Amino acid sequence: MNLSDYESYQEKKTHFDASFPYNTYLCCIPQDFLSVPLHWHQEMEIIYIKKGIGTVSVDLSTALVKEGDIILLAPGQLHGISQYENVRLEYENILFDLTMLLSKSNDSSSLGFLAPLQHSNILAKNIYTPRDQRYSAIAGCLDHADEICKTFPHAYQLAIKSCLYALFYEIFAGQQEMSASNVQLASLEKLKMILKYVETHFQEKITIEQIAGFCDYSPSHFMKYFKNAMGMSFITYLNDYRLTMAARLLLASDSTILSVSQEVGFENLSHFNRSFKKKFAQTPGAYRAAAENIQPRLTHDVPAHPAL
């Protein structure tokens with residue numbers, strides 16, 4: 001199974017119905033994977049922490065999250081999640097297309113709240129904890145939707161939509177207007193372009209000159225920009241992303257270690273082995289063997305699989 005096959009498998013496992021774009025599934029770090037690299041997509045995403053502690057990044061800000069916390073992510077918003085020290089983290093992932101809630105008649109609820117969210121990628125608040133005033137109501141909307149997804153009763157789609165509308169009421173009723181400067185937004189949009197390029201082309205050879213040209217930057221300006229935005233060099237980020245994808249392939253396929261290294265863009269097996277051991281504190285072979293000894297965990301009765 002190569003990486004494209006794996007991604008196709010993920011896609012099939014996580015969608016209930018193409019005509020109703022709402023998915024929910026459980027993930028566990030480190031059992032399923034160690035991290036989800038910083039990325040973005042056009043769906044709205046909610047991360048609902050069930051057990052443990054982890055690290056969540058939202059638009060380059062990082063925070064520790066723990067059991068009960070709810071992370072709301074707007075369409076197009078940069079985000080990632082990773083393990084905190086050696087602590088196990090279990091969370092529910094909820095993905096849905098915000099356009100399913102938009103009215104074609106452009107009523108005030110769409111124009112005033114949902115449409116701006118769809119295009120601005122801004123939320124006044126991303127992380128809700130049990131200490132927040134509206135937390136109970138927000139968690140209640142998600143819990144109710146989960147109950148519906150256990151049995152999928154007739155007309156469940158209407159019930160799910162009602163939960164989402166109630167959720168957005170709680171979000172917007174409790175927030176104050178928030179805006180970001182044009183400079184901040186432009187910088188984030190440029191970074192999103194770069195990360196999406198890596199996500200699409202990491203299996204290929206990518207040089208600094210290539211990626212700088214893609215951004216219309218000089219190589220020196222690009223390296224400075226990326227280091228300031230991400231806190232690491234582009235090459236370090238690229239190799240780390242490749243290693244993360246390699247770890248997933250090792251668990252999802254029986255391909256040889258050489259094949260996996262080539263699949264994720266490493267040209268030298270020795271370099272891959274050294275880099276993998278430095279990141280995961282064990283060789284690729286030991287990493288795969290250790291994972292095979294972990295017993296399967298219980299999940300919801302809905303499709304469960306990690307996805308970027």
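How are H3 and H4 oriented to each other, roughly parallel or roughly antiparallel? The points below take up this question first and then move through the rest of the structure.

1. In this predicted model, helix H3 (residues 135-151) and helix H4 (residues 156-173) pack at an angle of about 170°, and their axes lie 9 Å apart. Since angles over 145 degrees count as roughly antiparallel, H3 and H4 are therefore roughly antiparallel to each other. On the H3 side the contact is made by Ala137, Ile138, Cys141, Leu142, His144, Ala145, Ile148 and Cys149, and on the H4 side by Tyr156, Ala159, Ile160, Cys163, Ala166, Leu167, Glu170 and Ile171. By class, the residues of this contact divide into 14 nonpolar, 1 polar and 1 charged.

2. The loop between H3 and H4 holds Phe152, a residue other than glycine whose phi is nevertheless positive, near 45°. Most residues other than glycine have a negative phi, and a reader checking backbone geometry may wish to look here. With a relative accessible area of 30%, Phe152 is partly exposed.

3. For the chain as a whole, the model has 11 helices and 8 strands, and of its 308 residues 44% count as buried. Among contacts with a separation of 6 or more, 74% are between residues 24 or more positions apart.

4. On confidence, the protein chain averages a pLDDT of 85, and 85% of the residues score at least 70. Two stretches call for caution: pLDDT stays under 50 over residues 6-16, for which the model has 25 contacts beyond four places in sequence, and pLDDT also stays under 50 over residues 295-308, for which there are 48 such contacts.

5. A second helix pair is formed by helix H8 (residues 234-252) and helix H10 (residues 269-280), which pack at an angle of about 90° with their axes 10 Å apart; that makes H8 roughly perpendicular to H10. From H8, the residues Asn239, Asp240, Leu243, Thr244, Ala246, Ala247 and Leu250 meet His271, Phe272, Ser275, Phe276, Lys279 and Phe280 in H10. Sorted by class, the contact of H8 with H10 has 7 nonpolar, 4 polar and 2 charged residues.

6. Within H10, His271 can be looked at singly. At 32% relative accessibility, His271 counts as partly exposed, and, leaving aside residues up to four places away in sequence, His271 touches Asn239 and Phe266. Between His271 and Ser261, which are 10 residues apart in sequence, the C-alpha to C-alpha distance is 9.5 Å.

7. The largest nonpolar core has 36 residues, of which Phe222, Phe226 and Phe234 touch the most other members. Two or more residues each are given to this core by helix H5 (182-201), helix H6 (208-214), helix H7 (219-230), H8 and H10, and the largest share, 10 residues, comes from H8. Not counting residues up to four places away in sequence, Phe234 touches Ile194, Val198, Ile206, Ile208, Ile211, Phe222 and Phe226. Apart from this core lies another, of 33 residues, among them Ala74, Ala139, Ile160 and Ile171. Ile160 and Ile171 are also among the H4 residues in the contact with H3.

8. Ser110 is found in helix H2 (residues 108-120). At 2% relative accessibility, Ser110 counts as buried. Its contacts, once neighbours within four places in sequence are set aside, are with Leu101, Leu102, Ser103, Ala115 and Pro116.

9. Two further backbone features lie in loops between strands. Ile29 and Pro30 are joined by a cis peptide bond, with omega about 15°, and Pro30 has its place in the loop between strand S1 (22-29) and strand S2 (35-39). Most peptide bonds are trans. Asp59, in the loop between strand S3 (44-58) and strand S4 (61-66), has a positive phi of about 50° although it is not a glycine. At 22% relative accessibility, Asp59 counts as partly exposed.

Technical notes:
Residues numbered from 1 in each chain as written. Predicted model: local features only at pLDDT ≥ 70, side-chain atom pairs only at ≥ 80, totals over all residues. Heavy atoms only, no water. Axes fitted to C-alpha atoms, helices over the stretch in contact; angles between N-to-C directions. Helix = DSSP H or I, 4+ residues; strand = E, 2+ residues; numbered from the N terminus. Parallel < 35°, antiparallel > 145°, perpendicular 65-115°, else oblique. Contact = heavy atoms within 4.5 Å. Nonpolar A, V, L, I, M, F, W, Y, C, P; charged D, E, K, R; others polar. pLDDT = per-residue confidence, 0-100. Core = buried A, V, L, I, M, F, W, Y, C linked by side-chain atoms within 4.5 Å. Buried < 20%, exposed > 50% of the residue type's maximum accessible area, 1.4 Å probe, protein only.
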